[in-house]
Amino acid sequence: MNRRDFLKILAMGVIRWGITPDAVAKNMEIMSRTPSQNLDDHIRDYLNKMENFNEYHAEDVQIDNAIYKVFTSTVKRLRRLQQYAGHGNFQILSFEDGLNIARKYSRIGEFSKAEIRFMEMIFYAEAERYGFLGQKPLNKITDRIKTKEAMKVPHTGNYLYRGLPLETYEKIKQLVGDEVVLTSGIRGIMKQFLLFLNKADKNHGNLSLASRSLAPPGYSFHGNGDFDVGQAGFGAANFTKRFTHTDVYKKLSELGYLKLRYPQKNLLGVRFEPWHIKVRDNI
Ligand SMILES: [Zn+2]
């Protein structure tokens with residue numbers, strides 16, 4: 001397959017699968033850097049990877065042995081920090097506040113210079129290197145959630161931004177009823193660090209595998225208004241394909257609320273996420 005045919009397929013994807021022109025451009029860039037690669041194979045490999053997002057793939061990028069100890073000590077410290085700060089507060093905790101709390105409480109312990117350097121390295125690394133091609137709404141590691149603009153949603157342990165995100169959630173509640181639950185709202189830098197690094201830690205430091213399910217810190221739109229919903233009583237299954245068999249999913253699709261950020265066969269390097277509500281159309 002030549003470049004022109006590949007472009008045609010991508011353009012078709014924009015129409016059929018809701019792939020953003022942005023993702024097409026990024027994919028084209030990658031293609032032009034690897035001219036010798038067989039594009040048929042590339043597409044097949046890519047779709048296979050997204051379907052089997054939780055498995056190891058040959059080109060996956062892993063944490064280097066030289067920094068593996070620092071990586072695991074960082075994850076453990078982040079876990080203690082979450083435990084100490086409480087799940088609710090931790091959702092919106094900034095990087096700097098997190099460092100300060102850790103320094104103050106010996107049960108958590110101060111983040112070492114090497115751990116801070118490691119986190120900065122993860123934050124400022126081009127996630128494209130792992131295969132993640134989404135946008136980066138938070139650009140600085142010190143970016144904070146403005147607490148005045150956020151509201152804790154009762155009985156969920158999650159926060160939402162006032163304005164469009166909260167209004168969207170309330171509208172969904174009104175239309176779908178009590179069976180819809182908010183499963184994840186605003187997530188600050190520290191929370192995203194923990195989620196992403198936890199996933200990598202459970203998979204021998206595989207950053208590519210982690211990024212197929214969880215955006216690296218800075219790249220998550222949970223810092224910018226998006227949120228996840230689920231079916232009440234469905235637990236962790238709300239974050240699996242099985243969610244598409246629930247009443248909540250069916251109702252939300254019928255109502256046109258599932259403008260997904262990561263649709264099926266997206267080209268952003270992220271698995272299909274039918275539970276993730278994209279609040280704003282233009283970002
Ligand atoms: Zn989400």
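Reader: Which residues have the most contacts inside the largest nonpolar core?

Author: This is a predicted model. Its largest nonpolar core has 62 residues, and Leu160, Phe193 and Val229 have the most contacts inside it. Helix α9 gives the most to this core, with eight residues. Nonpolar side chains tend to be buried together in soluble globular proteins.

Reader: What does Val229 touch beyond its sequence neighbours?

Author: Setting aside neighbours within four places in sequence, Val229 is in contact with Ile172, Val180, Val181, Leu182, Thr183, Val248, Trp275 and Ile277.

Reader: Why is Val248 called buried?

Author: The cut-off is 20 or more other C-beta atoms within 10 Å. Val248 has 21, so Val248 counts as buried. Val248 sits in helix α11, residues 247-254.

Reader: How far apart are Val248 and Val229, in sequence and in space?

Author: They are 19 residues apart in sequence. C-alpha to C-alpha, the separation is 8.7 Å. Contact is judged on C-beta atoms, with a limit of 7 Å. By that test Val248 is in contact with Val229, and also with Val176, Glu179, Val180, Gly230 and Gln231, leaving aside neighbours within four places in sequence.

Reader: What makes strand β4 largely enclosed?

Author: Five of the five residues of β4, 227-231, are buried, so the rest of the structure largely encloses this strand. Phe227, Val229 and Gln231 point one way. Asp228 and Gly230 point the other way, and all are buried. In a regular strand, side chains alternate between the two faces of the sheet.

Reader: How do you know that β4 pairs with strands β3 and β5?

Author: Pairing needs at least two bridges. Strand β3, residues 180-184, shares four bridges with β4, in the antiparallel sense. One of the partners is Asp228, bridged to Ser184. Strand β5, residues 276-277, shares two bridges with β4, also antiparallel. There Asp228 is the bridge partner of His276. Both pairs therefore meet the requirement.

Reader: Which strands are called edge strands, and why?

Author: The three strands form an open sheet in the order β3-β4-β5, with antiparallel pairing. β3 and β5 each pair on one side only, which makes them the edge strands. Helix α8, residues 164-176, packs on the sheet and touches β3, β4 and β5. The direction of α8 makes about 150° with that of β3.

Reader: How does the reach of helix α4 compare with the expected value?

Author: Helix α4, residues 68-85, has 18 residues. From first C-alpha to last, α4 reaches 26 Å, close to the 26 Å expected at 1.5 Å a residue.

Reader: Why are the buried residues of α4 said to line one face?

Author: The buried residues are Phe71, Thr74, Val75, Leu78, Leu81, Gln82 and Ala85. Seen down the axis of α4, they fall within an arc of 125°, so they line one face of the helix. The face turned away from the buried side carries the exposed residues Lys69 and Gln83.

Reader: What covers the buried residues of α4, and what follows the helix?

Author: The cover includes α5 (87-91), α6 (95-104), α7 (113-124) and α9 (189-201). Gly86 follows α4, and the phi of Gly86 is positive, near 90°.

Terms used
Residues numbered from 1 in each chain as written. Predicted model: local features only at pLDDT ≥ 70, side-chain atom pairs only at ≥ 80, totals over all residues. Buried ≥ 20, exposed ≤ 12 C-beta atoms within 10 Å, placed from the backbone. Contact = placed C-beta atoms within 7 Å. Expected span 1.5 Å × (residues − 1). Arc of directions from axis to C-beta. Core = buried A, V, L, I, M, F, W, Y, C linked by C-beta atoms within 7 Å. Axes fitted to C-alpha atoms, helices over the stretch in contact; angles between N-to-C directions.
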